Structure formats: structure tokens, C-alpha cells
Amino acid sequence: MEPEPGANGTAVTEFVLLGLVETPELRPAVFVLFLLAYLVTVGGNLIILAAILVEPKLHTPMYFFLGNLSVLDVGCITITVPSMLVRLLSHKHTVPYAACLTQLFFFHQLAGVDCFLLTAMAYDRFLAICRPLTYSTRMSQTVQRTLVAVSWACAFSNALTHTVAISTLNFCGPNVINHFYCDLPQLFQLSCSSTQLNELLLFGLGILMAGAPVILIVTSYIHVAAAVLRIRSAEGRKKAFSTCGSHLTVVGIFYGTGVFSYMRLGSVEASDKDKGIGTLNTVISPMLNPVIYSLRNPDVQGALQRVLIGKRALV
């Protein structure tokens, strides 16, 4: 494609997303797999959300945050997968410059909220297990809503900063992105101008957006583990740990894929691996979350039975 004059000092008006596979014969199979993954993810998270809304036993802070997490999972996969499916059907791999930056903004907005929401859930477990006498006042509805609102505000600032920063870069040469959605590392590789400041910004904000939450989550669970180990009853210890296991699994998947995605900037050879990591981050993780949180959780299973079958679960 010949470069065309564009705004913001860039000669490239659109990018070419190669997608997951470049072999035409494999595209139908990829389309079916990702369409099913999308439907399962959206359906599973909406069912979890419905269960939380209709079941009084789930009207607790932990499930309030889980409901918000389900909304984020639906949003995250909706930002990336449907557009990829459309490109597979139309065989048109181009995406306008503005649409690419818009996708990048919303992806980092939702991922940022995810970071803080997972931290809020760890704080909730810390209060419930380590400070049970003051739990109801420290985790009131006002506190819950404030935590969610602050999460959205901080994530918005982060996403807007990255989007504005990358819009100042010049794109005048290659416009082919070896990925199925627009993200910072891939765009850095295509820029004609220096990305050193952008990479420093990504690293610095990454410390605030991911490093600080990880430290808070680890600290919370150190206190939780110490408190649980002091419980004399084996059944009591098992019940306390079971409420934390699902959350820790989701945290591990989310931060594990995030670290691999953004800590290897400038590595062109890693592009194909980035597709796999991107799939884990944007498709597999949101799809697994409903399964992780409903597995071995009788309260959620009872609520799901009520939603799906229309019968109140036996108490």
C-alpha cells in the first residue's frame, strides 16, 4: 500500500493486521474456533452476572466485584475478537489509523480496571478473613462503589496517556502488524520516530498499574495465609482457602500473560509468540474466569441452577 498524507504528522492512514494465521486454508477453522470462544465467553460471563443479580446469597462485596469483572471480560473480548472475525470473513486486513488507536485505548482502559479490580478483591478477602469484626463497615456499599469508580478513573488516565503519546509518533514506513489487534509493542516497532520516551512511559506506568497492585495483592494474601493457618479446624482452613483459590488463579493468568506481553519490547522475533500470549490474555482468560469462579463453589452453582433451570437451589 502506498503511504498517503495524513494528520498528526503521519504518512500512514491505515495498518494491515495479519491476524492469527496467514494460510488461507486455516482461516475457516480459526473463524469457527474464535466465534465459539467469543459466544462461550460472553454467554458464560453474562450467566455469572445474572446469577449474582438474582441470588440474594451472592449480594456480597466479593460477588459485587466478580460481577464487575464479568462485565470487563465481556468488554475485553468484544474489543478484539469481533473485528478479527469480520476481517476473516471479508479478507480485508486493513484497519484505519484512528480505529487502531481507539481499539488500543479501550483495551488498556479495560485491562487497567482489571488490575485494580483484582486488587480490590484481594483487599476484600483480607478484610473478610483478617478483620471480620469490622468487615461490614470497612467494605460498605459506598466503599465498594468508590473502589470501582477509582479503578475506572485511574485506568482512564493510563489509557488516555498511552493513546495521546503514541499519536505523537510518526508512521511513514511499513504498516503491517503481525497480530490480530492493535497494541503498543507492535506499533512501537513500526514507528519512524524514536519510541524511547513511549517505552519509558509504558514501563513507568506499568509499575504503577501492575507493579503496585501485585505488591498489594501479595501483601494481602501473606496476611490471609497467616490468619488461615491459625485456624484450628481443618474444615475451617479449607473453607477459607477455597474462597481465595479462584481469585489467585485469575490473578496468575492475568498478570502472567501481561508481563510476557509488555516486558519484551523491541523483539521482532517474538511477534508470533505475542499472538499466542495475546490469545491467552484477551480470549482464554475471560473464557476461563466463569469456570474458575463457579467450580467447587456451591453458592454460585446454586444460583446458576436457578438462572438456567428456573428453580431455586436447595439451601
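Which residues form one aromatic cluster with F34? Select F34, F107, F180 and Y181 together: these four make up the cluster. Keep in mind as you look around that this is a predicted model.

**Stop 1: the aromatic rings**

Stay with F180 and Y181 and show their side chains. A pair of aromatic rings is described by the distance of the centres and the angle of the planes. For F180 and Y181, the centres are 4.9 Å apart and the planes make an angle of 80°, an edge-to-face arrangement. Now colour by accessibility: F180 is buried, and Y181 is buried as well. If you would like to go on exploring rings, a search of the whole structure turns up eleven aromatic pairs.

**Stop 2: helix α3**

Next, select residues 97-130, which are helix α3. Draw a distance from the first C-alpha to the last and you should read 50 Å, close to the 50 Å expected for its 34 residues at 1.5 Å a residue. Is this helix mostly covered or mostly open? Helix α3 is mostly covered, with 27 of its 34 residues buried.

**Stop 3: a nonpolar patch**

Finally, switch on the surface and select L53, V54, V307, L308 and I309. Together they form a nonpolar surface patch with about 470 Å² of accessible area. Two helices, α1 (27-54) and α10 (298-309), each supply at least two of the patch residues. Which helix gives the most? That is α10, with three residues. Zoom in on V307, which sits in α10. V307 counts as partly exposed because its relative accessibility is 30%, and partly exposed covers the range between under 20% (buried) and over 50% (exposed).

How values were computed: Residues numbered from 1 in each chain as written. Predicted model: local features only at pLDDT ≥ 70, side-chain atom pairs only at ≥ 80, totals over all residues. Heavy atoms only, no water. Phe/Tyr/Trp six-rings, centres within 6.5 Å; stacked < 30°, edge-to-face > 60°. Buried < 20%, exposed > 50% of the residue type's maximum accessible area, 1.4 Å probe, protein only. Patch = residues over 30% accessible without salt bridge, like charges linked within 9 Å, V, L, I, M, F, W, Y side chains within 5 Å. Areas by Shrake-Rupley, 256 points an atom, 1.4 Å probe, with all protein chains shown as cover. Salt bridge = Lys/Arg side-chain N within 4 Å of Asp/Glu carboxyl O. Helix = DSSP H or I, 4+ residues; strand = E, 2+ residues; numbered from the N terminus. Expected span 1.5 Å × (residues − 1).
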